[in-house]
Amino acid sequence: MKKFLPLIVFALLCIVPFFGLSTYVMHILILVLIWSVIGMGWNILGGYTGQVSFGHAAFFGMGAYAAGLLYQHLGISAWWGLPVCVLILTALSLIVGYICLRLRGAYFALATLALGEICRVAAENLVDFTKGNMGIMLRERTWVDKTWYFYIILLIAAGTYILIKMVMESKLGYYFVAIREDQDAAESLGINTTFYKTISLCISGVLTGIAGAYYMNYMGYIDPSTVFPLSEVSIATVVVVMVGGAATYWGPIVGAVIMVFLAEEIRSIPFIGAAHQTIFGIILILIIMFLPNGIVGDFRKLIKPLSRAKRECHHEFN
Amino acid sequence: MKRFSAIVSCLFLLSIFAPQAFAQNVLKLGIPLPLTGTNAKFGEIEKKSYEIALGEINAKGGIKGKKVVLEFEDSQGKPEVSRSIVERLIDVKKQPVVFGEYSSSCSKAVAAVAEERKIPYMVVTGATDDITQQNYKYVFRMNPTNAYYATGLMSFLKEVVKPKTIAILYESSDFGTSGAEDMVKQAAKVGIKVLVKEQYEKGAVDFKPILSKVKAAKPDVIYMVSYVMDAALLMRQIKELRIDANLYAGGAAGFAIPEFIQNAKEASELVMTATLWSQQIAYPGSREYAEKYKKMYKDYPSYHGAEAYSALYIIKDVLERAKSWKPDDIRAAFKATNMMTAFGPIKFEDKEGYTNQNFMETLVMQVIKGKHETIWPQKYASAKYVYPIPKWRERK
């Protein structure tokens with residue numbers, strides 16, 4: 001059963017557009033999928049390899065701007081951003097990895113934090129190239145209907161899931177985990193840690209960038225403060241993974257569902273005004289306090305009371 | 001316990017069915033606004049103003065006999081959230097017309113949705129020029145665009161100040177950047193030389209590095225485009241550094257709201273700002289609105305408030321004139337709009353590269369004795385302008 005779960009979920013999602021859901025629900029589903037991809041991308045670096053990044057907005061924004069700038073300067077479809085951003089982000093990850101991945105722990109986290117901010121400030125100031133804060137706007141999006149957008153992001157998400165599963169079940173994955181558990185021990189076993197950390201960063205960066213390029217195509221408008229922000233992208237990514245469960249296959253997906261759906265539901269409770277952010281914040285704190293490994297990571301803990309009740313039922317019958 | 005759950009489920013059922021029981025005579029309008037985040041101050045001014053207009057309209061029988069209910073939804077100033085809100089308004093709530101939002105970037109996101117879905121959208125405060133330059137058929141804008149914000153100020157500069165040089169400081173946002181770009185263009189047209197053009201991080205705590213550069217350049221005019229806190233801090237630090245220019249001018253937004261005077265105190269004295277509206281202006285209903293707002297919330301509203309207040313009246317007018325509440329009829333009604341509001345005359349025109357854009361005169365205000373007074377154009381002036389302004393060390 002567990003083996004087929006991904007297939008079942010995928011099949012269910014495939015037929016979602018035939019339910020005739022409103023575009024609002026489709027929009028929310030698309031956002032969930034975008035965040036799942038970003039979360040899964042972050043997870044490979046932060047969860048499996050243990051290198052916490054606070055700068056994934058840099059990769060997300062770079063992907064979005066790759067698509068936007070192709071459209072803006074070359075006049076070609078922004079969908080070209082998806083393949084092109086793979087090249088750009090691999091290059092960026094190699095450079096960043098070469099410099100920053102010699103650092104460990106908090107120092108690496110701070111370096112990535114700076115990276116995100118550098119990208120934002122650069123995008124704001126290179127007005128001739130990026131149009132600065134005026135942003136880039138697609139004159140016309142490809143489809144009005146959301147079905148195709150949904151299928152494309154669904155494919156991206158499924159591809160991401162498969163890729164991560166493949167990587168983590170290969171030798172590469174074992175190297176990543178070894179680095180997370182003890183970098184010195186890994187080094188002494190002959191693993192070139194900086195090299196494998198850089199590979200992890202490349203995969204992570206490219207996946208996040210693809211989500212960014214898709215975001216440009218889907219939303220049709222970007223500016224530096226929407227795609228490069230610290231709190232709304234970089235930190236939100238970390239929270240998505242933490243809530244769902246770091247270093248689990250399903251964690252980022254569950255986290256994205258909670259972050260997007262829950263935030264949206266609480267926001268639309270009528271008459272609470274600005275209090276929705278407080279409520280949402282409290283829920284997040286509670287989840288992180290009581291389920292430090294995230295919902296998927298602590299799933300057993302979560303269902304323990306339930307299974308105990310079941311067992312007691314059995315006892316009564318016996 | 002059983003009784004309790006019965007009561008709860010009854011209440012629950014009631015809450016599902018109750019709204020529908022009254023639905024026939026109620027018109028619900030959802031408005032996306034930034035109620036949290038950096039733009040929350042403006043969202044709040046607008047929310048209060050919408051509510052004042054709502055009270056007045058409902059007291060007079062609502063729109064086409066329907067009682068109006070406004071539902072404010074917090075967009076947090078994020079375009080993707082605005083998009084979610086509007087998708088839901090259009091799709092789930094079947095709202096025939098959309099209006100609201102504060103910032104330019106959110107307005108753009110909403111405009112894109114509205115145009116795709118062919119549902120009329122009225123931009124209330126988003127000022128970036130390009131929103132109405134896209135040839136959008138279903139997007140209307142009641143406020144003048146950024147390019148026109150400073151026209152009033154420009155004519156004051158040309159006729160009274162006659163400066164040769166200018167320094168432009170602007171915040172890193174859509175509004176700030178396009179405001180600064182427009183100023184550069186206008187300055188070039190009149191032959192004013194731009195000595196300094198600097199962008200700063202919004203919400204910065206120290207402007208001294210930029211201001212030292214300005215001081216060294218000795219411009220005749222310092223023009224600043226910023227939101228609330230930055231505007232006050234800029235002026236305070238200009239005073240601290242004793243940067244003497246012939247004129248300090250703000251490009252609306254943060255300079256035109258009462259908080260500017262409260263936060264900057266005496267540093268705000270004699271500072272001028274472009275504005276789209278002022279509480280002294282003699283449009284029908286505008287003074288009544290300003291007094292009412294002051295009575296309820298202890299301060300005069302800024303032009304944002306007047307825009308929101310008038311927006312609801314425009315929507316009322318449009319919905320009453322529309323043949324039916326189908327998008328195309330509403331769009332036709334928008335096109336035919338020609339009305340006077342507390343914010344000024346409203347008419348959506350296609351000219352100078354804009355579509356469905358309202359054009360109007362913009363004003364200049366100056367802080368005189370701790371109060372915003374309208375000083376330009378002279379026919380609207382509530383006080384005589386103070387110029388030339390004394391140097392900082394000559395002031396008390």
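Q: How do you know that the radius of gyration of chain B agrees with that of a compact globule?
A: In this predicted model, chain B has 396 residues, for which a compact globule would have a radius of gyration near 21 Å. Chain B has 22 Å, which agrees. Along its principal axes, the C-alpha trace of chain B spans about 75 × 55 × 35 Å.

Q: What does the corresponding test give for chain A, with its 318 residues?
A: A compact globule with 318 residues would have a radius of gyration near 20 Å, and chain A has 20 Å, so the value agrees with the rule. The C-alpha trace of chain A spans about 75 × 55 × 35 Å along its principal axes.

Q: What makes a residue count as buried, and what percentage of chain B meets that test?
A: A residue is buried if 20 or more other C-beta atoms lie within 10 Å of its own. By that cut-off, 52% of the 396 residues of chain B count as buried. For chain A, buried residues make up 47% of its 318 residues.

Q: Which secondary structure elements make up each chain, and how many are there?
A: Chain A has 16 helices and two strands. Chain B has 13 helices and 15 strands.

Q: What percentage of the contacts in each chain join residues at least 24 apart, among contacts between residues at least 6 apart in sequence?
A: In chain A the share is 76%. In chain B it is 67%.

Q: Why is the span of helix α10 (residues 193–219) of chain A said to agree with expectation?
A: At 1.5 Å a residue, its 27 residues should span 39 Å, and the end C-alpha atoms are 38 Å apart, so the two agree.

Q: What makes α10(A) mostly covered, and what follows the helix?
A: Of the 27 residues of α10(A), 22 are buried. The helix is followed by A:G220, whose phi is positive, near 80°.

Q: Where do the two domains of chain B lie in the sequence?
A: The domain assignment gives domain 1 as 2–145 + 284–342 and domain 2 as 150–276 + 362–394. Their centres, taken over C-alpha atoms, are separated by 32 Å. The contact between them takes 14 residues from domain 1 of chain B and 11 residues from domain 2 of chain B. By class, the domain 1 side has four nonpolar, seven polar and three charged residues.

Q: How do you know that chain B touches chain A, and which elements of chain B take part?
A: Residues are in contact if their C-beta atoms lie within 7 Å, and 28 residues of chain B are in contact with 29 residues of chain A. On the chain B side, the elements that give two or more residues are β2 (67–74), α3 (79–91), α4 (104–117) and α7 (174–190). The largest share, seven residues, comes from α3(B). By class, this side of chain B has five nonpolar, 11 polar and 12 charged residues.

Q: What makes A:I34 and B:Y121 stand out in the largest nonpolar core?
A: That core has 213 residues, and A:I34 and B:Y121 are those with the most contacts inside it. Its largest share, 17 residues, comes from helix α2 (residues 23–48) of chain A. The core also draws at least three residues from each of domain 1 and domain 2 of chain B.

Q: Which residues is B:Y121 in contact with, leaving aside its neighbours within four places in sequence?
A: B:Y121 is in contact with B:V98, B:F99, B:V110, B:A111, B:A114, B:Y138 and B:V139.

Methods:
Residues numbered from 1 in each chain as written. Chains lettered and ligands numbered in written order. Predicted model: local features only at pLDDT ≥ 70, side-chain atom pairs only at ≥ 80, totals over all residues. Domains from an automatic or database assignment. Contact = placed C-beta atoms within 7 Å. Nonpolar A, V, L, I, M, F, W, Y, C, P; charged D, E, K, R; others polar. Helix = DSSP H or I, 4+ residues; strand = E, 2+ residues; numbered from the N terminus. Rg over C-alpha atoms; globule rule 2.2 N^0.38 Å. Buried ≥ 20, exposed ≤ 12 C-beta atoms within 10 Å, placed from the backbone. Expected span 1.5 Å × (residues − 1). Core = buried A, V, L, I, M, F, W, Y, C linked by C-beta atoms within 7 Å.
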